[in-house]
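Here are a few notes from going through the model. Have it open while you read, and see whether you'd flag the same spots.

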Amino acid sequence: MKKQYLITPGPTPIPPEVSSKEGMPILASPDHEFGASFVEVMKGLKYVFQTRNDLFLITCSGTGGMESAVAT
């Protein structure tokens, strides 16, 4: 019988300065501070990917990203 393996990533090490932020209050999307953070993240991503084009930030797994790309 052939053995099958499921190889998934993780666990991922998280720096202490990141895990310490988990106790902070959650920002709601209509909040002004959330909007400012979102704009900052998008600017940073454009720098990382060296593009001036529009980016789409989706909060899901890689499978969800692939499904949204195919369904569009």
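**Notes on a loop residue and an aromatic pair**

1. Start with Gln-50, which sits in the loop between α2 (32–48) and α3 (62–71). Keep in mind that this is a predicted model. Gln-50 isn't a glycine, yet its phi is positive, at about 50°. Is Gln-50 buried or exposed? Its relative accessibility is 62%, so Gln-50 counts as exposed.

2. Now the aromatics. How many aromatic pairs does a search of the whole structure find? Just one turns up. The rings are those of Phe-34 and Phe-38, with centres 6.2 Å apart and planes at 25°, so the pair is stacked. The angle cut-off behind that label is under 30 degrees.

3. Where do the two partners sit? Both Phe-34 and Phe-38 belong to helix α2, and they are four residues apart, about one turn of the helix.

4. On exposure, Phe-34 has 30% relative accessibility and so counts as partly exposed. Phe-38 comes out at 37%, so it is partly exposed too. The partly exposed class is what lies between under 20% (buried) and over 50% (exposed).

5. The pair also shows up in a surface feature. Which residues form the nonpolar patch on the surface? They are Leu-27, Phe-34, Phe-38, Val-41 and Leu-57, and together they have about 380 Å² of accessible area. So if you're colouring the model, Phe-38 is one to mark: it is in helix α2, it is partly exposed with a relative accessible area of 37%, and it is stacked with Phe-34.

How values were computed. Residues are numbered from 1 along each chain as its sequence is written. This is a predicted model: local features need pLDDT of at least 70, side-chain atom pairs count only at pLDDT 80 or more; totals for chains, interfaces and linings use all residues. Side-chain values use heavy atoms; hydrogens and water are left out. Helices (H or I, at least four residues) and strands (E, at least two) are DSSP runs, numbered from the N terminus. Buried means under 20% relative accessible area, exposed over 50%, partly exposed in between (1.4 Å probe, protein chains only). Rings of Phe, Tyr and Trp (its six-membered ring) pair if their centres lie within 6.5 Å; planes under 30 degrees apart count as stacked, over 60 as edge-to-face and the rest as tilted. Patches are made of residues with over 30% relative accessible area and no salt bridge: like charges are joined within 9 Å, nonpolar side chains (Val, Leu, Ile, Met, Phe, Trp, Tyr) within 5 Å. Accessible areas come from the Shrake-Rupley method with a 1.4 Å probe; for residues, only the protein chains shown count as cover. A salt bridge is a side-chain nitrogen of Lys or Arg within 4 Å of a carboxyl oxygen of Asp or Glu.
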